[in-house]
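Reader: Hi, I'm new to this one and could use a quick tour. Could you put it up so we can talk it through?

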Amino acid sequence: MNAPYASPAHRPASAAAVAAAAKKLDAHVRAIVSWHFSPATGSPFWLEWARKARWNPAKEVKGFKDLLRFPNFADDLLRDEPNERWVPKAYAKRPYMIFETGGTTGMPKQRVSWQDHLIDYSEFSLTLEDRYFPKNSHWLMAGPTGPRRLRLAIEHLANIRGGSCYHLDLDPRWVKRCLGKGDYAQAEAYKEHVVDQAITILRNRKNIHCLFTTPKILEAMAERTSLVGLGIKGVFCGGTSMTPQVVRFLSEEVLEGKAQFVPTYGNTLMGLACSLPVSANDGWSVTYHAPQPRAVLRVVNPDDATQDVAVGAWGRVELTTLTKEFFMPRLLERDEAMRKQPTARYPWDGVADVRPFGAQSGKIIEGVY
Amino acid sequence: MSAIHIPALRFGVPYRSVDTLSTTGAQVSQVNSGLIRRDMLRIADAAAELQDIPSKRLLAICHDAGEFFLSGRVPVGDAGQEQTADDYVRQTSASCGLPHALVRNNMGKIAHVLLEMGAILKGLTRGLDLSVLDAGMGEQQGVPVSFYRTADSLGVVLPSNSPGVNSLWIPAIALKVPVALKPGRDDPWTPYRIAQSLIAAGCPRSALSFYPTSHEGAHALLAAAGRSLLFGDASITKRYAGDPRVELHGPGYSKVLIGADRIEGWRDLIEVLASSVAANGGRSCINASTIIVPAHGRELAAALARRLAEVIPRDADDPQAVLAGFANPVMAESINAAIDHDLEEPGAIDLSAQARATPRLLQHQGRTFLQPTVVFCQSSGHALANREFLFPYCSVLEMPQDEMLSRIGPSLVVSAITDDHAWRRELLASPLIHRLNLGAMPTSHVHWDQPHEGNLFEVLYRRRAVQTVA
């Protein structure tokens with residue numbers, strides 16, 4: 001009899017593995033909190049926060065559960081606070097990189113970084129299969145560029161795997177602005193412009209076997225040509241939520257069942273949550289696991305974010321980032337997901353079938369037509 | 001019958017999606033927008049297959065499909081289940097809320113279009129010899145004519161209000177244009193049964209695609225199809241205003257206007273008015289939502305309210321049932337709350353509330369109903385003066401006859417009850433009226449040789465000049 005799991009990686013984690021991961025997380029939490037809340041190493045923002053809060057996280061936080069003493073992180077702080085306020089004293093003399101997230105108009109949210117994006121993608125590289133993402137082959141980065149860390153991170157990923165990375169210009173803020181104004185024709189024209197750039201590169205440069213892009217651009221590229229025919233063997237995708245049907249369609253039809261489709265969930269604040277291998281055996285459902293202990297994802301009760309929902313239930317996604325460069329406790333993401341049990345590959349909670357928070361709420365329609 | 005899963009149809013071939021949505025009685029596959037776009041890249045092949053079938057044969061296929069639709073057993077679901085006509089009535093009633101009697105009524109309208117496709121096309125094409133469509137050219141009244149298809153596909157974004165609207169897209173098959181249908185959430189049954197009836201009658205599968213999908217999928221369909229019919233509220237249709245590829249079917253804001261010459265006989269018109277407001281459960285865009293009179297407004301509104309108070313919730317299988325329930329009770333509650341809210345604005349009175357002993361919102365046999373509501377408004381500027389809801393609702397306004405045409409706004413159907421020749425000429429000249437009924441005729445009355453809204457032949461074909469060497 002076959003095991004009822006899509007792959008060995010999908011097997012539930014053993015109790016011992018879960019306990020070991022939790023222990024490792026608690027130790028990491030103690031180290032990171034101590035780092036950010038100690039005068040010798042901490043950042044001005046968090047040191048001042050602790051003074052006002054009248055408790056000392058460096059001493060009182062013993063493990064991950066103690067982070068519930070922090071309120072949900074207000075992401076406006078990343079827009080309003082000067083970036084210098086987030087710099088740990090230990091890094092005070094090192095110029096930092098600034099990466100942005102989202103944004104259409106006004107001041108965007110920013111975070112400082114030195115090595116985090118490189119570490120995240122080096123770790124992610126270890127999860128890629130060489131037969132689909134061949135070493136020493138080139139990549140095409142057909143995703144958002146500009147002030148996003150993806151621009152550098154994908155190039156780093158290509159480089160550490162022995163290849164180079166081709167790029168194109170893609171400003172998602174322009175697309176958002178077009179859609180916001182109801183200018184769908186302009187948004188469509190911009191998508192065509194992006195796809196033109198991508199296909200031109202693929203047709204004129206050899207040895208590009210790996211692609212990073214978003215689901216929409218991937219679909220649009222494949223409406224013009226066979227990506228497999230142009231040599232693509234693996235696609236690493238991120239950027240928007242994907243239903244199981246979309247994942248199946250991209251795998252079976254867009255990539256013709258020949259190239260591997262690797263969905264990820266991530267952003268500038270988290271790093272990269274990896275998925276277990278997707279397949280029909282698992283109903284094409286995508287479960288992501290945070291790059292723990294550097295980041296932790298919880299699925300929480302939307303009405304009381306201190307409470308986890310039960311395994312198998314839907315809730316809002318909460319992110320905690322825990323690196324020496326950046327500490328961000330309990331940010332409520334604008335996504336909801338189903339909580340999944342720890343697995344053999346990732347012995348901590350997963351988040352499945354991520355979709356925009358509130359996606360299931362309805363609207364009232366007036367009129368008869 | 002075992003649990004039904006209604007699959008998508010990709011060129012007529014069942015496709016079970018991983019994503020599903022529940023409607024009463026079935027799980028329905030939901031396809032993603034990219035899948036629709038990808039399929040539509042190949043739709044020209046389906047059009048070519050349909051083009052090769054003589055029109056005469058297509059008419060025969062439609063006729064046979066009409067019989068299958070009306071009384072046959074056709075496949076439903078993807079597990080080998082079959083659906084009888086009675087199954088269809090029960091299932092559609094359960095998911096849409098229409099009583100069985102109205103579903104059967106709508107079924108008859110759809111079957112009529114299939115059975116009488118020759119006559120329908122005669123109306124749409126103004127008597128064109130259909131062999132012209134087979135050959136691309138021919139003669140009409142001794143003059144050479146040529147028509148060409150403007151599109152390889154007709155996309156149709158359907159509502160759930162009433163099955164009858166499906167009759168509008170069916171002629172596309174006989175006009176050699178494949179269809180890609182996005183069903184309304186609560187009525188996957190009707191377009192699926194029509195498609196299966198056509199397939200059973202010999203229509204090429206490739207001509208019939210059925211894509212239950214999200215709003216995003218609907219937009220993908222509208223962007224990819226050569227021509228489309230879009231049923232939806234203003235929030236959806238406004239994106240396509242001015243797009244010549246898309247024929248919009250938004251709220252109708254249909255009206256009855258009574259002329260000064262006929263108003264003294266208003267008591268004799270109550271049945272016409274009641275039928276205009278409440279036929280088909282008040283669920284059609286051709287139902288009147290406003291009645292405008294030059295005098296006796298309040299009295300007429302009160303009498304109409306009393307007449308419509310006789311229309312009460314009944315069991316779904318009661319042959320007398322005319323009122324439709326709401327599959328989604330929240331929608332009924334929201335509409336009810338919206339009307340109550342606007343009644344707080346001075347200048348309007350709910351005369352139905354005085355005419356019946358029960359509240360507008362009512363539960364009956366576990367289903368939620370909104371009972372007919374007639375509101376007399378003192379001014380055309382009142383919030384309730386020009387509204388349209390998914391149940392028998394109408395406002396009654398009083399204004400001088402010579403102001404009516406400047407106040408009605410865009411109206412899908414106007415029934416103008418007048419013998420005033422000069423005013424009739426003004427009504428005929430009005431660009432605001434899509435369909436004009438002259439005389440004491442309900443707005444809901446349809447002659448199929450007078451296309452309901454738009455003309456599908458004109459949407460799908462264009463005439464070209466043609467000259468040949470003798």
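Author: Sure. Keep in mind that this is a predicted model. Let's start with helix packing: helix 1 (residues 33–40) of chain B and helix 10 (residues 215–224) of chain B have axes that come within 8 Å and cross at roughly 15°.

Reader: OK, and how do helix 1 of chain B and helix 10 of chain B run, roughly parallel or roughly antiparallel?

Author: Angles under 35 degrees count as roughly parallel, so helix 1 of chain B and helix 10 of chain B are roughly parallel to each other. Their crossing is right-handed.

Reader: Which residues make the contact there?

Author: Helix 1 of chain B brings Ser33(B), Ile36(B), Arg37(B) and Met40(B), and helix 10 of chain B brings Glu216(B), Gly217(B), Ala220(B), Leu221(B) and Ala224(B). By class, the residues of that contact are five nonpolar, two polar and two charged.

Reader: What does helix 9 of chain A do with helix 1 of chain B?

Author: Helix 9 (residues 215–224) of chain A packs with helix 1 of chain B at an angle of about 10°, and their axes are 10 Å apart. These two are therefore roughly parallel to each other as well.

Reader: And who's touching whom in that pair?

Author: From helix 9 of chain A there are Lys216(A), Glu219(A), Ala222(A) and Glu223(A), and from helix 1 of chain B there are Ser33(B), Gly34(B), Arg37(B) and Arg38(B). The classes here are one nonpolar, two polar and five charged residues.

Reader: Got it. At what angle do helix 4 and helix 9 of chain B pack?

Author: Helix 4 (residues 85–96) of chain B packs with helix 9 (residues 189–200) of chain B at about 155°, with the axes 10 Å apart. That makes helix 4 of chain B roughly antiparallel to helix 9 of chain B. The contact takes Ala85(B), Tyr88(B), Gln91(B), Thr92(B) and Ser95(B) from helix 4 of chain B, plus Trp189(B), Thr190(B) and Arg193(B) from helix 9 of chain B. It has three nonpolar, four polar and one charged residues.

Reader: Switching topic: what's the volume of the second largest pocket?

Author: The second largest pocket has a volume of about 490 Å³, and 20 residues line it. Nearest its centre are Leu25(A), Phe64(A), Lys65(A), Asp308(A) and Asp349(A).

Reader: Which elements give two or more residues to that lining?

Author: Those are helix 1 (15–36), strand 10 (295–301) and strand 11 (304–308) of chain A. Helix 1 of chain A gives the most, with five residues. Across the whole lining of the second largest pocket there are twelve nonpolar, two polar and six charged residues.

Reader: How many cavities of 30 Å³ or more are there?

Author: The structure holds two of that kind. The second largest cavity has a volume of about 60 Å³ and is lined by eleven residues. Gly282(B), Asn287(B), Ala288(B), Glu388(B) and Phe389(B) lie nearest its centre. The lining of this cavity has six nonpolar, four polar and one charged residues.

Reader: Last thing, backbone oddities. Which peptide bond is cis?

Author: One is the bond from Gln292(A) to Pro293(A), with omega near 10°. Pro293(A) is in the loop between strand 9 (287–289) and strand 10 of chain A.

Reader: What about phi of Tyr253(B)?

Author: It is near 45°, a positive value in a residue other than glycine. Tyr253(B) lies in the loop between strand 14 (246–249) and strand 15 (254–258) of chain B.

Reader: Why point those two out?

Author: Because most residues other than glycine have a negative phi, and most peptide bonds are trans.

How values were computed: Residues numbered from 1 in each chain as written. Chains lettered and ligands numbered in written order. Predicted model: local features only at pLDDT ≥ 70, side-chain atom pairs only at ≥ 80, totals over all residues. Heavy atoms only, no water. 1 Å grid on protein atoms, 1.4 Å probe; cavity = no way out; pocket = protein on both sides within 12 Å on 5 of 7 lines; lining within 4 Å. Points joined across faces, edges and corners; volume = space filled by probe spheres on them. Helix = DSSP H or I, 4+ residues; strand = E, 2+ residues; numbered from the N terminus. Nonpolar A, V, L, I, M, F, W, Y, C, P; charged D, E, K, R; others polar. Axes fitted to C-alpha atoms, helices over the stretch in contact; angles between N-to-C directions. Parallel < 35°, antiparallel > 145°, perpendicular 65-115°, else oblique. Left-handed = near helix turned anticlockwise from the far one by under 90°. Contact = heavy atoms within 4.5 Å.
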